[in-house]
Amino acid sequence: MPQSVPSLPRRVARMLRTSLFAQVGVALVLGIVVGRLWPDTSTTFQPLGDGFVRLIKTVISPLVFCVVVVGIAKAGNLKAFGRIGLKALIWFEVASTAALLIGLIGANVFGPGSGMNVDPSKLDTSAVDAKTAGGSLPSTSEFILNALPQSAIGAFAENALLQVLVLACLTGAALLHLGHTKVPKILPAIEQAQEVIFAIVGFIMKLAPLAVFGAMVHLVGEYGLGVMKTYAKLIILCYAVALVFLVLLGVALKLMTGLSLWKFVRYTRAEMLLALGTASSESVMPRMMQKLRQAGARDDAVGLVLPTGYSFNLDGASIYLSIGTLFIAQAVGVDLSLSQQITVILVLMLTSKGMAGIPGSAFLALSATASSLGAIPAGAVALLLGVDRIMDSMRVVTNLLGNCVAVFAVSKWEGALDTDRAKKMLDGEIQFVEEEDEPGEESAKAGEPSARAEAPAPAQAEVPAQSKAETKEPAPELG
């Protein structure tokens with residue numbers, strides 16, 4: 001007897017109950033509608049988005065620490081970890097420089113600020129000072145020193161990812177040096193802590209639709225849709241250039257790994273939509289680490305490349321900064337020469353690396369660039385105050401995709417990527433399994449073979465979601 005097909009309302013209800021993507025999508029639309037119809041409620045709902053991001057930030061540092069330590073210990077080779085770090089930095093520099101160049105080319109061709117004839121002396125720069133909180137970008141030496149922890153507890157308390165990475169590398173190196181016989185309980189304890197953190201992430205992610213709703217109500221209610229008319233040319237150009245950059249990034253990914261960027265976007269569509277709605281790439285870092293690991297990238301590569309990219313590989317920010325600099329120059333009637341535009345690239349190559357976590361960092365970088373040129377009034381950066389928040393979505397998604405592509409590319413370069421598993425995962429042949437789920441639960445829901453029922457992957461591509469009960473194997477030798 002043929003099974004009855006569920007009615008459309010039942011199918012929709014089931015999708016809303018089980019699909020994070022559908023839940024976030026509905027919340028996004030509702031947030032826009034509420035923000036447009038009742039803009040006075042923007043501050044009322046803002047805590048929903050801010051609270052979610054706070055909860056996620058509480059687990060990022062311990063998660064990065066656990067993943068990196070376990071990755072180093074299981075890889076059993078500190079030199080390989082060093083090679084991954086060096087290759088990641090090379091990739092970051094090439095990618096962010098390409099983003100700067102593409103942004104400058106787009107701004108020169110389309111001239112988003114041409115014809116505005118703005119008098120910079122009439123601009124109110126006090127709002128820029130308020131946004132930057134009187135801060136400044138660190139110098140190169142300060143940036144390096146700030147990456148070194150003064151206190152183990154302080155690194156975690158301040159969510160200083162680079163400091164946490166340094167601590168994790170030292171801990172992983174110590175485990176390798178001491179060996180399994182001297183500290184037999186440390187590595188299993190860290191692995192168990194990692195499982196607990198992923199379970200917490202699963203709980204927090206259930207609040208994602210509320211976060212997106214609150215963030216979108218605040219965005220639309222606070223800034224309105226009118227700003228898009230005033231800065232339409234600049235907004236369209238920035239998003240179009242970002243799209244061109246992502247296409248080129250997809251070509252590079254295909255050539256290096258054989259993987260499709262579009263399939264990866266489809267695989268991570270819920271996380272992308274959440275990052276878009278909350279305007280925060282940090283809000284999805286834990287889930288992205290899960291998805292990258294289950295897609296065949298080795299633990300040590302994911303643990304090092306993704307968090308480091310949050311400080312060193314800001315492709316979306318690079319596009320915005322290069323276009324923004326030329327927009328300001330064109331708006332105030334300054335024609336930058338080729339040598340001055342080369343200076344823009346060189347300055348932004350440095351200033352964009354120290355932006356992460358600094359209030360109003362984009363305005364600080366733009367002000368530093370304007371000051372180094374000497375031809376653009378530094379106060380002219382106030383022109384971008386009205387449109388900066390609208391650019392967050394472009395920056396966040398481009399930064400996030402750029403860092404995920406970096407994980408795959410560097411993993412392949414280092415031989416730390418299970419390409420066959422990655423292709424199956426992106427094609428939907430293997431289903432993503434929540435870390436806290438029981439084996440096969442998610443796959444059983446989807447009617448697909450379980451990711452954990454697959455033939456064992458090579459050691460470097462071990463599926464982190466696998467339960468301890470299933471993989472009761474001897475602890476790896478660390479010495």
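**Exercise 1. Count the salt bridges in this model and work through the pair R83 and E414.**

Solution. The count comes to nine salt bridges, a salt bridge being a side-chain nitrogen of Lys or Arg within 4 Å of a carboxyl oxygen of Asp or Glu. The model is predicted: local features need pLDDT of at least 70, side-chain atom pairs count only at pLDDT 80 or more, and totals for chains, interfaces and linings use all residues. Residues are numbered from 1 along each chain as its sequence is written, and side-chain values use heavy atoms, with hydrogens and water left out.

Step 1, distance: R83 and E414 meet through their side chains at 2.7 Å, N to O.

Step 2, location: R83 lies in helix α4 (residues 78-110) and E414 in helix α20 (residues 388-414), so the salt bridge ties together parts 331 residues apart in sequence. Helices here are DSSP runs (H or I, at least four residues), numbered from the N terminus.

Step 3, accessibility: R83 is partly exposed at 39% relative accessibility, while E414 is buried at 12%. Buried means under 20% relative accessible area, exposed over 50%, and partly exposed in between (1.4 Å probe, protein chains only).

**Exercise 2. Place the salt bridge of K263 and D427 in the chain.**

Solution. Step 1: the side chains meet at 2.7 Å, N to O.

Step 2: K263 belongs to helix α13 (residues 261-267) and D427 to helix α21 (residues 419-427), and the two are 164 residues apart.

Step 3: K263 is partly exposed at 30% relative accessibility, and D427 is partly exposed at 37%.

**Exercise 3. Describe the surroundings of R395, starting from its salt bridge with D392.**

Solution. Step 1: R395 and D392 form a salt bridge at 2.3 Å, N to O.

Step 2: the two residues are three apart in helix α20, so about one helical turn separates them.

Step 3: both R395 and D392 are buried.

Step 4: the charged end of R395 also sits over the ring of Y320, 4.5 Å from its centre. The rule asks for NZ of Lys or CZ of Arg within 6 Å of the ring centre and within 35 degrees of the ring normal.

**Exercise 4. Classify the aromatic pair F65 and F156.**

Solution. Step 1: ring centres must lie within 6.5 Å (Phe, Tyr and the six-membered ring of Trp); planes under 30 degrees apart are stacked, over 60 edge-to-face, the rest tilted. The count comes to four aromatic pairs.

Step 2: F65 and F156 are 5.6 Å apart, centre to centre, with 70° between the planes, and the pair is edge-to-face.
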